[in-house]
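Reader: I have just opened this one and would love a friendly tour. Could you take my questions as they come?

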Amino acid sequence: MKKRVIVLLLVLAMVTVLLSGCGSSEISIKLLNALGTELTQLYVRPQGQDWSESYLSSSLFGGDSTAFSIPEGKKYEFFDFSAYSVDGIEFLFELVPLKSGSTVELRYEGEDVAAVVTLAGNTETVYGEKIVPLPTPDDPLSMSAPLLNFPGGLEIPYPSTMQVLDKDDRQMSVFAVREDAPPHAITINMMELSNYDHRFSNAANAENALVEIKGHILPYFEQFFVKDHGYDFVDAGNYYGLKCYFEVTGTAINPHANGNLRVVMELRYFGATGYLLEIDTFAFEGDMDNYYAISKKIADNINFGKDYRTSGNSGGGGGSSVTGEDYYEPNDWDWSDPGDTGDYDPWSDPGDTGDYDPWSDPGDTGDYDPWSDPGDTWDYDPWSDPGDTWDY
C-alpha cells in the first residue's frame, strides 16, 4: 500500500512539474502609451518570427496602459513592437529586450520615438521609427494651424499625414510628411478684398468678379507658368467659386523636380468677410485626384464663423457653370477616365469625343485654349504670330 502511495505521489509531482514547466514559457508584459495619441493596434513578435495578432481589443489612449502575456516568450531575448495610431501612423521598435515583469513605455524623446523598458529598477531605451503613410482623403483633419490675419483668427484644418512647411499670418502650405522633397503641395491663402462685395450680388456678376481676380493672380506664376487651361464657375449654395486649371513647371514646388505639375486653383467667396479664400493644389497628373480631394476636404471644413447663401442663379460667362457639391465628388462623373463620351474630364487625354478637355494639345476640336494661335506648340504668347514656339 505504501509503495502505491509513493508511486502516486511521484506521478503527481511529475505532473505538477510538467504543468509548471508549460506555464513558465510565457512572459507577462505591461505597456504604457505615452505617445500622446490614441493607439488602435499593437503587434509583438520575437525577433525573426511572425507577427502576432493585435494585443489591443480596444483603443489605448494617451496615458493608458495595458497588460498582456507573450506565449513562449522565455525562449527569446529580443522582440519587435509595431503600434498603429488612429491616424494610421506606425511606430516600429526592433530588438526590444524583454523578460517577464517588464514595463514598456512608448514615448517621444525630442523628435524621436522610444521604447523604454524597465525591469527591477533598471531601464533600457530602444529608439524606433515613426512611419507616416502618404495622405489620403480618408485621413481625419486632426491638426490645425491659425491664419491670424483673418479677423479673430482662422483655424485651417489638415491631416496628420501632412505638415506645414511655409506659413505666415495670411497663408500656409502643407506637404506630405513622408515626402522629403515634395512634388505635391496644397497652399491656403486668405486674400484681402477691397470694394468687391457689391460685385457678388448674383452669380453672373460673381463669375465676372472672380475671373477678374484670377487675372490678377496668374502673373505671380509667370516664372513657372506653362499653360492656362480655363476655368469653371461654381455656385455651391454657400459660396461662389472659380475653379481654375493651369500647368506650371515642377520647380515651382521643388527646384529639383522634373516635369510639369497640374494646378487647380480655387477661389471661394463666402460673403462680406473682407477676404477671399484661395486654395491651390499642385500635383502630377496621376496624383491630382488624391490631392485635390484632400484640398476640397480642407476647404469644406474651414469655419468662417458665419453662414452665407448665394442668390442661386447660374453664371453666364466663359467657363462652365456648376451648381451644388456634386461637382466636387472625386472619381465621379467629372473625374472619369479618358475615352468617355460626353464626360466632363479636365484630366483626359486628347481625342475624347464631346468632352471638355482643358489639358488637351492645340488642334483638338472644342478645346479651350484662349492664348494659342493655330499651330502654336505649348507657347504662352498672346502677341505672337502663328507658329512661334516658346517665345514671349
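Reader: How many contacts beyond four places in sequence does the model have for residues 313-392?

Author: Welcome! This is a predicted model, where local features need pLDDT of at least 70, side-chain atom pairs count only at pLDDT 80 or more, and totals for chains, interfaces and linings use all residues. Residues are numbered from 1 along each chain as its sequence is written, and side-chain values use heavy atoms, with hydrogens and water left out. Over residues 313-392, pLDDT (the predictor's confidence in each residue, from 0 to 100) stays under 50. With a contact meaning heavy atoms within 4.5 Å, the number for this stretch is 183.

Reader: What is the average pLDDT of the protein chain?

Author: A pLDDT of at least 70 is reached by 73% of the residues. Residues 5-22, by contrast, are below 50 and have zero contacts beyond near neighbours in sequence. The average for the protein chain is 78.

Reader: Which element gives the largest share of the largest nonpolar core?

Author: A nonpolar core is a set of buried Ala, Val, Leu, Ile, Met, Phe, Trp, Tyr and Cys residues joined through side-chain atoms within 4.5 Å; buried means under 20% relative accessible area with a 1.4 Å probe, protein chains only. The largest core has 31 residues, and the elements giving two or more of them include strand S14 (185-192) and strand S18 (275-283). Helices (H or I, at least four residues) and strands (E, at least two) are DSSP runs, numbered from the N terminus. The largest share, six residues, comes from helix H3.

Reader: Which residues does phenylalanine 304 contact, leaving aside its neighbours within four places in sequence?

Author: Phe304 is among the members of the largest core that touch the most other members. Met190 and Leu277 are also in that group. The contacts of Phe304 are Phe150, Leu154, Met190, Phe270 and Leu277.

Reader: Why do strands S3 and S8 each have one side without a neighbour in the sheet?

Author: The sheet is open, with five strands in the order S3-S1-S6-S7-S8 and mixed pairing. Two strands pair if DSSP finds at least two bridges between them. Strand S3 (65-70) and strand S8 (122-127) stand at the edges, so each has a single partner strand.

Reader: Which residue in S8 is the bridge partner of alanine 115?

Author: Strand S7 covers residues 112-119 and runs antiparallel to S8. Six bridges join these two strands. In S8, the partner of alanine 115 is valine 126.

Notes: Buried means under 20% relative accessible area, exposed over 50%, partly exposed in between (1.4 Å probe, protein chains only).
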